[in-house]
Amino acid sequence: MAWTDFSTRCCSALDREGRARRRLLRAAAAAVLLAPVQRLAHAQLAQPQWRVALVDDALVVDARVPLLLPAALHDALLRGVALTFTWQLEVRRPRWYWTDRLLLRARRWVRLAYQPLTQRWRVSVLEGNDADAALQRSLDTLDEALALVRSSQRWRVPLPQRLHADDQLALAFELDSGRLPRPLQWWSGTDEREALAWRTTLPATAALGTEERP
């Protein structure tokens, strides 16, 4: 009788071990199958995306860039230091006899701050010099706040004159390090600084619709 009890307990342990092993195998197989999808999603996130359209005598910019904060800036945010990022659009017209002519320069500032009392993140958007035009949103997590900071949706910039086919559109996104406290303006890591600045140049035909956009 004692032998029978021991055999039952042994078989039960083997069954549990087998089920656990099968679960681990299924999890490993799922990870292998999902790895290419995850790598693709990460690669797409790591590539900046720029779109410019001409709508009613204005350029409408939709853009999204990667944004991963270095540890020094993350710590600064938690200590109450706000970060300011700048979106910039320039339109230049080439001139064979002189430097390119600047037709338009527009900026949009995005301020990211942490509020210790409420433990929430605040994102403020300001265009031009009109302080009353600032938009503000409070978010629960840093990931949500960064998703808003790194995206420019339906940014409308009026054009002072019509575009020519050979005009060039220069778009940029970067951290405004000049607004940081002086010690943070010299934080180490050239690669980290470069990771917070994105630039591209598009032909005016990308906005005029005569060329496929990237």
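**Figure 1. The whole chain, with 5 helices and 9 strands.** This is a predicted model, and the protein chain in it contains 5 helices and 9 strands. Walk along the sequence and you'll meet them in the order α-β-β-α-β-β-β-β-α-β-β-α-β-α. The chain has 214 residues, and 33% of them count as buried. Now look at who touches whom: among contacts with a separation of 6 or more, 62% are between residues 24 or more positions apart. As for the outside, the accessible surface comes to about 14200 Å², and carbon and sulfur atoms make up 54% of that.

**Figure 2. A nonpolar patch on the surface.** Zoom in on Trp 96, Tyr 97 and Trp 98, which make a nonpolar surface patch of about 540 Å². To find Tyr 97, go to the loop between strand 3 (83–93) and strand 4 (101–115).

**Figure 3. Glu 90 and Arg 92, a salt bridge within a network.** Here's a bit of background: side chains of opposite charge can pair when their charged atoms come close. The structure holds 7 salt bridges, and one of them joins the side chains of Glu 90 and Arg 92, at 3.2 Å from N to O. Are these two buried or exposed? Glu 90 counts as buried because its relative accessibility is 9%, under the 20% cut-off. Arg 92 is partly exposed, with a relative accessible area of 27%.

**Figure 4. Arg 93 meets Asp 167.** In this salt bridge, the closest N and O atoms are 2.8 Å apart. Arg 93 sits in strand 3, while Asp 167 is in the loop between strand 7 (151–158) and strand 8 (168–175), so the pair ties together parts that are 74 residues apart in sequence. How accessible are the two partners? Arg 93 counts as buried at 10% relative accessibility, and Asp 167 is buried too, with a relative accessible area of 0%.

**Figure 5. Glu 127 meets Arg 108.** These side chains form a salt bridge of 2.2 Å, N to O. Once again, distant parts of the chain get linked: Glu 127 is in strand 5 (residues 120–127) and Arg 108 is in strand 4, 19 residues apart. Glu 127 counts as partly exposed, at 31% relative accessibility, whereas Arg 108, at 10%, counts as buried. Back at the pair from Figure 3, there's a third member to spot: salt bridges that share partners join Glu 90, Arg 92 and Arg 105 into one network.

Notes:
Residues are numbered from 1 along each chain as its sequence is written. This is a predicted model: local features need pLDDT of at least 70, side-chain atom pairs count only at pLDDT 80 or more; totals for chains, interfaces and linings use all residues. Side-chain values use heavy atoms; hydrogens and water are left out. Helices (H or I, at least four residues) and strands (E, at least two) are DSSP runs, numbered from the N terminus. Buried means under 20% relative accessible area, exposed over 50%, partly exposed in between (1.4 Å probe, protein chains only). Contact means heavy atoms within 4.5 Å. Accessible areas come from the Shrake-Rupley method with a 1.4 Å probe; for residues, only the protein chains shown count as cover. Patches are made of residues with over 30% relative accessible area and no salt bridge: like charges are joined within 9 Å, nonpolar side chains (Val, Leu, Ile, Met, Phe, Trp, Tyr) within 5 Å. A salt bridge is a side-chain nitrogen of Lys or Arg within 4 Å of a carboxyl oxygen of Asp or Glu.
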